[in-house]
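Me: I would like to go through the ligand site and the nonpolar cores of this model. Please keep the replies brisk.

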Amino acid sequence: MVFRLVRTILRQPVSHLSKLAKYCFKSTADVVFLDCSMPCEVNPRFVLLYGSQKGQAQSIAEGLAEVAEEHGLVAELSCLEHTEKYNLEKENAPVVFIVSTTGDGEPPDNALQFVKRIKKKTLSTDHYKHLSYALLALGDTNYANFCNCGKTIERRLQELGAKQFYATGYADDGVGLEVVVDPWLDGLWKAIKGALSKMASDRTGYFNGEAGDSPKETPDSSLPDVQLNLLSITDRQNCESVGGSVETVSKSAFAASSSAPAAQTAVSDLRPAASAGSPGLASQSHGTASISTSAPETQTKDAGVSRVILASSLKCSLPPLSESSLNVPALPPSYLDVSLQEVDTMEEIIGPFNKETLHEVPIPRAVQLTRGDSVKTALLLELDISAYPMMTYQPGDSFDVFCPNRATEVENMLHRLGLYDQRNHRVHICLCKDTKKKGAQVPPYIPQNISLLYLLTWCLEIRSIPKKAFLRALVEHTGDSVQRRRLQELCSKQGTADYNLYVRDPSLNVLELLTAFPSCSPPLSLLIEHLPKLQPRPYSAASSCLTHPGKLHFVFNVVELPACSGRPAGRRGLCTGWLFDLINPVLLFPGKDESSGRMALPKIHASLRPNCSFRPPSDMSVPFIMVGPGTGVAPFIGFLQQREKERLENPEATFGETWLFFGCRHRDRDYLFREELEGFVSSGTLSHLKVCFSRDDQMEEEDNNSAARCRYVQHNLRLSSQHVTDILLKQNGCLYVCGDAKNMAKDVNETLIEMIRTELQVDQLEAMKRLAGLREEKRYLQDIWG
Ligand code: FAD
């Protein structure tokens, strides 16, 4: 406290000091007045809080904290769940929130408690009236409830009296977070300084007697923590008086820098002239790393022959980018020391390491559900979970599958890093002693005493898409100047479109990148610093325990990523490709007899991932609608199997109507569960089955008399508009959507708004509100992926 107070005092006019001291100490005699003329630059502070599910919000916050000092500020960084590190109830410095949204608009796990706390109805409307905040919300418009966590926090802060000092940024991962994050971070520094200045002048007013003189009039409890943080002269020069103003954040992407070099010179080794300035993902601010060198020539000389590059690719760009000055992110500070130790023997872990929470389950049956000529390959796997009662699941639950990285890719990576011969060495990781990274820690998901081979196989997501900060770090390890320039372009503001086109959209991975940039030789430590944890893949249960006791079914498409610039041949998704190879020897095709059973059953590691809301209505009389094209039908097979059992066991009970909207490409190639679904209709378990085929030419006539062309589920929904809206708006029913997040879920959402608008004769906004209301009531539920 003394340190804080001294810090505070140092920035006070002498006339204020005795007043301040009076509040904090019994007598001014307790206070040692320091000579205010002594050179003591202590930067003003702000609080930086993040809530992050996959690490994006965290890495933006960490990047921000890292460069705060360059902006003359001290960032007090903390995760929202570490409540011992911050105290918003007493906070007088600006607070910056960076929060992502997960699942169906839920807060990330580490922000859950915070959101619960601020949502308490008992909090008064002036609870946070002392608080000045700015908020950056991360989300993905492919999913419903875009940026919902950020919006919830924002709404509550305002309801509780907090003042916003900078307009909220809503960054969309669907188009690239940086489109919003970059300019938002750029403007943040000025806004923080403006807020500090305003808060300081408010307090100066207070100390000048605008507030009462008596200590009693000051909230005593907050006094020891009062941080006046008046701006230093240099800070003041940088900031404008904000008078509570809020700056707007442009959503538009950046135009290329106008400072293109006048004369072109040959590509040189581009040192990031001023690599200071911006945090990992984005901000450039006063430390803009403006590289005033020329672009690579679009005419290259190959064996003496001039060749004009007509198209850009992962490896080369075209003007204007190739000729532009670049704003590149600051170099992320390295923070890990990694060494490899030769050991005689090592107790090697086999399979994933967190075995206590996982179950190794056999796969007694694997069936290909699609015909050989179908565009997609859908497989159904049956897991034998009879040995694990704790894996008992409900329809709507999903479970995680833990798969290793592909052995050939791990091997290639080892070769590429020049570490193949050391693959069985023990990896030792510790923090660099003098790292500048705030909150640096050894990744907690990497266990002790593992080999390099194990690290790359089970711990790191080597398939992950390299972020811009990673590209920036790779520049430092790239020898060839043309390749350095291209990597700089890809991580620059000006190169955002190329980054999206060649890295993000095709899901390029680091190995593919290293192959395209052969002069890049990163150390192992860099990979550990930048590659995220290898994540399990969730799958929805496609069965009911009542129908299949001790068994769990799931269905998936084998993901095929096409060839692209930087990837000469297509590749399969990690988990779906691995599962496909694993079960291939025992795979059954429709019509093929059951296997002889002599083959050893493949096994996988899995754990249950209960979903508390995506469940059939507990009241069996409530009608419900299911929308699940393709593999999105999976959980509804579980719903219907359960309903079938319930009907058998409760012959007297009243059951609500059930509707299923299913769609696929071709009736005879990829109509998943066709027989089972038609069986549900025959038995009365499924009241209405609406199916459409997007690539069959015939008019859709099935189950409705309309000659309209129904290609997608939303078209069929619209045809049943009156029934659907009746169920939702008059009969208190539910609607579930499962499957592709990118297009289908959005289209269905828009169609529902349109239907409500038409049926209720209300305007768009009102229709949206009604749908949002259904979501709040958990009667419109989504389980979507992609
Ligand atoms: P990765 O190697 O991780 O590559 C995925 C890349 O391929 C991404 O860049 C992505 O953009 C792209 N991609 C293309 N098509 C798809 C696609 N269909 N799904 C995901 N990524 C795609 N999948 C099912 O097939 N059946 C299910 O029942 C199912 N249930 C899920 C439930 C939940 C709660 C969640 C979050 C996801 C679910 N998924 C389901 C998706 C699944 O977890 C995996 O993401 C998917 O199988 C791809 O994994 P992969 O390792 O093979 O691909």
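Me: Which residue has a polar backbone atom 2.7 Å from an oxygen atom of the ligand?
Reply: This is a predicted model, where local features need pLDDT of at least 70, side-chain atom pairs count only at pLDDT 80 or more, and totals for chains, interfaces and linings use all residues. Residues are numbered from 1 along each chain as its sequence is written, and side-chain values use heavy atoms, without hydrogens and water. A polar contact here is a pair of N or O atoms within 3.5 Å. The residue at 2.7 Å is Cys-575.

Me: How much of the ligand does the protein bury?
Reply: Areas come from the Shrake-Rupley method with a 1.4 Å probe. Taken alone, the ligand exposes 910 Å². The protein buries 76% of that.

Me: Which residue offers a side-chain N or O atom to an oxygen atom of the ligand, and at what distance?
Reply: A ligand nitrogen atom lies 2.9 Å from a polar backbone atom of Val-555. The side-chain partner of a ligand oxygen is Arg-537, at 2.8 Å.

Me: Which element gives the largest share of the shell around the ligand?
Reply: The shell counts residues with a heavy atom within 4 Å of the ligand. Strands E16 (537-540), E17 (551-557) and E26 (780-785) and helix H15 (574-583) each give two or more residues. Strands are DSSP runs of at least two residues, helices of at least four. The largest share, 4 residues, comes from E16.

Me: Which helix gives the most to the largest nonpolar core?
Reply: A core joins buried nonpolar residues (under 20% relative accessible area) through side-chain atoms within 4.5 Å. The largest has 49 residues, with Met-413 among those with the most contacts inside it. The top contributor, with 6 residues, is helix H9.

Technical notes
Polar contact = N/O pair within 3.5 Å; in protein donor to acceptor, adjacent residues only side chain to side chain. Buried < 20%, exposed > 50% of the residue type's maximum accessible area, 1.4 Å probe, protein only.
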